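Let's take a friendly walk through a protein model together. Have the sequence and the 3D view open beside you as you read.

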Amino acid sequence: MTGTHFVTVGGTRLAYHVAGSGPVMIAHPGGPGVEYSYLRVPQLEKTFTMVYVEPAGTGASDPLPEHATYAGTYADLLHGLVEHLGVPAVHLLGHSHGGVVAQRYALRHPDRVAGLVLYSSTPVTDAAFWAEGARQGAAYPRRHPEIPEAAAAAAALEEPLAEQTEAAKSAWMSAVLPVYFADFWGRRAEFEPLRDGIRSWPVNFDSTAVDFRPGLPEITAPTLVVTGRHDFICGPGWAAMLHDGIARSRLVILPESGHFGHLEEPEAFAAAVRELRDESFRAGVRGAFRRGDTAEVRRLAEEELRRDGEPAGRVEATYALARLALRDGDLSAAEQLASAALDIAVEAGDRGLEERPGHVLAAVARLSGDLELARERYLAGIELNNELNRPEVVNAEFYNLAFVELRRGDVDLARKLFAEVGQRVFANGWRSFVPYLGIAAAALAAADGDHTRAARMIGFTDSAYATIGQVPDPDDAVELGRARDAAVAALGEDRFAFAYADGAVLEPGAAFGLDWSDART
């Protein structure tokens, strides 16, 4: 797939260039109207299949369609490229104006974005934004008083484009380019070739004003917001707006960079993006598992293991395959894979990586009937997660421990543990844990011989999982199946169905006699 390719979207032909291997990342350059090649990041091609798009109006792509808009048209064309590539979700790296386009795309097509890099960009391009850029640009010569050319570069920023041609726009970009660097003059030999070869094309819009700030909370993809401390046009202030607005974002300020951090601090820039890749891999593989998408889990995990990257990724991938084996009922394979994941974590010396393999090993012991070993492993998991200050995971392991006690015949202790788990869930607002409380209630009701309540709680649980678009974890599916089989056997199909339907419409508070009003989160 490497090399140059073309795709036609709504009558507009786009050129794009592919290099590297790994998950797909589309890089959208800035400008608008600047040639794509300045955004080439070879360091990322070791981690991603990089797709460098030539936006409409530049290079070998067709001109912008009539009545094109500053962000929407580019986002529509980008979506055509994503569809053409045929991958479920892509990473997007948008630089400057490309970051504005990426925000628009992420808001329109959230399910197609695996990860987002908003690089030296801004959520708003109103009059205040342009005025602040002009002010910062005018101040540039004061940072380089010994360089006469610095004043000339800043002055060129204030000069209107003499004519609307590629040659004129390219000459203007070459003149102003030093302002975009933290220290162009100190590294002139390194950056002068870019200045000499830069190409840009005039693009015109009825309006260049956008304001995505109200929509930022709707962006759910793992997001890296990165900029240079000396970026005069899209610097730390605008980056902070993005970071504050996007819940799942991480902010990185490159201390020795301006607008081109990937050129000025390439290793730090690439390292920050690789961290996003690791985060989005974890989110993707866990999400696919919760949805029951076995093929996607296997694809992501095997791709990560082929990459042979950092220990965190290899642990997550091996752990994911162990959970698939658990779901298939292959306890021997699950234990072998979880043990391998634990070995990687121990070798890396990262206690935080030990938790998830340990969880699978405990589940293997529980499902194989070795309840003493399961108890020992869950207690070790509780101790580890207390040490790591992970209260929600501690609560989940107490939930699992309660099932062990239930299987050991200590119904009263199991009931006590389940009650404490439920109280913490409601007190802390851990709403994603509600379906698990339904499984616990069904199992307890079955143990008490109250099969009508068990059927109601099974109906509640199935409805709760459907609401969040998930399926039960393998060990929970076993517990739920046991309760279901017992209830159907005791009640018969018709009575079970009536009780099940009653439970399916219950609200969580009514189901458990608890109140969210005291929730802290």
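We begin with a single residue, Glu304, which sits in helix H10. Keep in mind as you look that this is a predicted model. Is Glu304 buried or exposed? Glu304 counts as buried because its relative accessibility is 0%, and the cut-off for that word is under 20% relative accessible area.

What does Glu304 touch, once residues up to four places away in sequence are not counted? The partners are Arg277, Phe281, Gly309, Gly313, Arg314 and Ala317. You can also follow the chain from Glu304 to Thr318, 14 residues apart, and find their C-alpha atoms separated by 9.2 Å.

Some of those names lead us to a pair of helices. Helix H10 covers residues 294–307, and it packs against H11 at an angle of about 145°. The axes of H10 and H11 are 9 Å apart, and the crossing of H10 past H11 is left-handed. On the H10 side, the residues that meet H11 are Thr294, Val297, Arg298, Ala301, Glu304 and Leu305. Facing them from H11 are Gly313, Arg314, Ala317, Thr318, Ala320, Leu321, Leu324 and Arg327. Sorted by class, this contact has seven nonpolar, three polar and four charged residues. Our starting residue, Glu304, is part of this contact.

Now let's turn from atoms to the gaps among them. Rolling a probe the size of a water molecule over the atoms shows where empty space is left. How many cavities of 30 Å³ or more does the structure hold? There are three.

The largest cavity holds about 50 Å³ of space. Around this cavity you will find Leu14, His28, Val53, Pro55, Ala56, Tyr74, Leu77 and Leu78. Helix H1, residues 72–85, gives the largest share of that lining, with three residues. The lining of the largest cavity divides into seven nonpolar residues, one polar and no charged.

The second largest cavity has about 40 Å³ of space. Its lining is made of Phe289, Arg323, Leu326, His359, Val360, Asp473, Pro474 and Asp475. Two or more of these residues come from each of helix H11 (311–327), helix H13 (355–368) and helix H19 (474–504). Here the lining has four nonpolar, one polar and three charged residues.

Let's go back to helix H1 for a moment, where His79 is found. His79 is buried because its relative accessible area is 19%, and buried means under 20%. Leaving aside neighbours within four places in sequence, His79 is in contact with Tyr105, His109 and Arg112.

Our last stop is a pocket. How much space lies in the second largest pocket? About 1000 Å³. Of the 41 residues that line this pocket, Gly31, Trp130, Lys169, Trp172 and Tyr180 are the closest to its centre. The elements that give two or more residues to the lining are helix H2 (97–108), helix H3 (127–138), helix H4 (148–157) and helix H5 (166–176). The largest share, six residues, comes from H3. By class, the lining of the second largest pocket has 24 nonpolar, 14 polar and three charged residues.

Key. Residues numbered from 1 in each chain as written. Predicted model: local features only at pLDDT ≥ 70, side-chain atom pairs only at ≥ 80, totals over all residues. Heavy atoms only, no water. 1 Å grid on protein atoms, 1.4 Å probe; cavity = no way out; pocket = protein on both sides within 12 Å on 5 of 7 lines; lining within 4 Å. Points joined across faces, edges and corners; volume = space filled by probe spheres on them. Helix = DSSP H or I, 4+ residues; strand = E, 2+ residues; numbered from the N terminus. Nonpolar A, V, L, I, M, F, W, Y, C, P; charged D, E, K, R; others polar. Buried < 20%, exposed > 50% of the residue type's maximum accessible area, 1.4 Å probe, protein only. Contact = heavy atoms within 4.5 Å. Axes fitted to C-alpha atoms, helices over the stretch in contact; angles between N-to-C directions. Left-handed = near helix turned anticlockwise from the far one by under 90°.
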